[in-house]
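Hi everyone, and thanks for making room for me on the agenda. I'd like to walk you through a single chain today, so let me put it up on the screen.

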Amino acid sequence: MVKVNLGGCSSFVKDADYKVYVGKALEALDVLESGSGAGNDFLGWKHLPSETPESLIEECEAVRDSWKAKGIDLVVVIGIGGSYLGARCAIEALSHNFAKQLSGKKDAPEVVFAGNNLSEEYLAELMDLVQERNVATVVISKSGTTTEPAVAFRIIKEYIEKTYSDASERIVAITDARKGALKTLSTQEGYKAFVVPDNVGGRYSVLTPVGLLPIALAGFDIRKMLAGAKEMEEACSVRSEENPAVKYAAMRNLLYSQMDKKIEILVAYNPKLQYLGEWWKQLFGESEGKDLKGIFPASVNFTTDLHSMGQFIQEGERIMFETVVGVEKSNRSVTIGSDPQNLDQLNYLAGQSVEHCNAMAQLGTKLAHIDGGVPQLEISIENLSEFNLGGIFQFFEYACGISAYVLGINPFNQPGVEAYKKNMFALLEKPGYEEQTKAIKARL
Ligand code: PA5
């Protein structure tokens, strides 16, 4: 269960104002639940946890098992934005920090990501790795036309076709049910294909095959993930002041609208959650940043970034609030020992767990940042597990939909993303862009 604690905001806001924003958030929830708001043809994510059929889970597991039987030890997941961040977030959160360096037999293939940038060096170095391993790929693009994954896929596909006689069995496509270049290609080449439902946008798609397949391939339990998400599907759809998504959406909108807090920093105290920050930034940034409005989403990893961004957060311009993702229990334990010489003067911590130090760092930072004028919201989960990650995905998606409706914004489109693409296509002289090419070259 994802819990929300707003105690770290109480000295900044009046209770009466919070209640007003809870009212606005409940109205926004009504709009979301009745499907009467902007972008209402993209609400399929709401019921993915309760409506994902067993057959889809089995299909994901069948790919996992057949690739295992082929001895595949490297899966390249190709995609960008919503077509990769959810899977990367879950896999990084659930994997051993040093899985790559540990010796011994691995139960699951290593999953690496491509198609999320246009760096030539990245792709060249990926091919160095691919050549040493037994490889398969999952190419993910809802539109089926995004340049970054298309470039990476062309290169990996060529390699797989050149290297393996069973090439088409080593490629899975996840794309639209009917349209797009990737759909055409996968039909023609006979690849196993999964569908991104029409009514689920990229950044809300982690609980479709877009996230579920790579997460299953990496060896994690997607049934547990969907079960955790289902718990939050229920909790976040209840019309109640205690609904965690309503509480979070109400407070962040109050801080933004009445206290001029324009930046929200997602804070984690576990390096495995770095990509939760990346996934969350896309979800909120692409959903809310429109019509010259929106809270700018940033993320930090503490205690690491307390030694860098901590200075700004404590004493820089007072434009931000923090949302801390707390993990109540560590899955592993390490106790600090006693040293008879105590030259490092750490004996006062002897017998304590490292997690206790982390918890005290978290509490000390909370008090310091509140004293420094930074309100703090806390979202907590019990531990890092498939169940709780599923819950946090569903919770943030609900909270994002509600928040954007409170702001009067359509959370499900991304018109601004097209601007760079048009310029890039004109500069790359893509057929059909002749006029734009002339115009843009005249500006240079
Ligand atoms: O949220 C979104 O819709 C976007 O971020 C997309 O996920 C991203 O642009 C990738 O698009 P596609 O899956 O069509 O390649």
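Let's start right inside a sheet: Thr137 stands opposite Ile171, a residue of strand E5. Before I go on, please keep in mind that this is a predicted model.

Thr137 belongs to strand E4, and along E4 Val135, Thr137, Val139 and Ser141 point one way, while Ala136, Val138 and Ile140 point the other. Is that strand buried or exposed? Of its 7 residues, which are 135–141, 7 are buried, so E4 is largely enclosed by the rest of the structure. Both faces are covered, then: the residues pointing either way are all buried.

Who are the neighbours of E4? Strand E5, residues 171–175, runs parallel to E4 and is joined to it by 5 bridges. Strand E2, residues 74–78, is also parallel to E4, again with 5 bridges. If you want a pair to click on there, take Ile78, whose bridge partner in E4 is Val139.

Now let me zoom out. The chain has 16 helices and 10 strands. Its radius of gyration is 23 Å, and the globule rule gives 22 Å for 444 residues, so the chain is as compact as a globular protein of that length. If you are thinking about box dimensions, the C-alpha trace spans about 65 × 60 × 50 Å along its principal axes.

A few totals for the chain as well. Of the 444 residues, 51% count as buried. The accessible surface comes to about 20,500 Å², and carbon and sulfur atoms hold 52% of it. For those who care about charges, I count 45 positive and 58 negative side chains, with the centres of the two sets 3 Å apart. And among contacts with a separation of 6 or more, 80% are between residues 24 or more positions apart.

That last figure is easier to picture with examples, so here are three residues.

The first is Cys9, in the loop between strand E1 and helix H1. Cys9 is buried, because its relative accessible area is 0%, under the 20% cut-off. Leaving out residues up to four places away in sequence, Cys9 touches Met251, Leu255, Pro375, Gln376 and Leu377. The C-alpha atoms of Cys9 and Ile370 are separated by 8.1 Å, although the two are 361 residues apart along the chain.

Next comes Gly228, in helix H9, residues 222–237. Gly228 also counts as buried, at 1% relative accessibility. Its contacts, again without residues up to four places away, are Phe387, Gly390 and Gly391. C-alpha to C-alpha, Gly228 and Met1 are 7.4 Å apart, with their positions 227 residues apart in sequence.

My third example is Arg203, in the loop between strand E6 and helix H8. Is this arginine buried or exposed? With 4% relative accessibility, Arg203 counts as buried. Its list of contacts beyond four places in sequence includes Trp279, Glu286, Lys290, Glu397, Phe412 and Asn413. Sequence separation can work the other way too: Arg203 and Glu158 are 45 residues apart along the chain, and their C-alpha atoms are separated by 29 Å.

Let's look at one helix as a whole. Helix H4, residues 85–94, is mostly covered, with 9 of its 10 residues buried. Among them are Leu85, Arg88, Cys89, Ile91 and Leu94. What do the buried residues of H4 pack against? They pack against strand E3 and helices H8, H9, H11 and H14.

I've kept some backbone geometry for last, as I suspect you'd look it up anyway. Most residues other than glycine have a negative phi, and most peptide bonds are trans. Here are some exceptions. A cis peptide bond joins Phe302 and Thr303, with omega about 10 degrees. Thr303 sits in the loop between strand E8 and helix H12.

Asp291 has a positive phi, near 50 degrees, and is not a glycine. You'll find Asp291 in the loop between H11 and E8, and it is exposed, with a relative accessible area of 58%. Gln345 has a positive phi as well, about 55 degrees. Gln345 lies in the loop between strand E9 and helix H13, and at 61% relative accessibility it counts as exposed.

That's my tour. Thanks for listening, and I'm happy to take questions.

How values were computed. Residues numbered from 1 in each chain as written. Predicted model: local features only at pLDDT ≥ 70, side-chain atom pairs only at ≥ 80, totals over all residues. Heavy atoms only, no water. Helix = DSSP H or I, 4+ residues; strand = E, 2+ residues; numbered from the N terminus. Rg over C-alpha atoms; globule rule 2.2 N^0.38 Å. Buried < 20%, exposed > 50% of the residue type's maximum accessible area, 1.4 Å probe, protein only. Contact = heavy atoms within 4.5 Å. Areas by Shrake-Rupley, 256 points an atom, 1.4 Å probe, with all protein chains shown as cover. Lys, Arg positive; Asp, Glu negative; His and termini not counted. Charge placed at Lys NZ, Arg CZ, Asp CG, Glu CD. Pairing = 2+ DSSP bridges.
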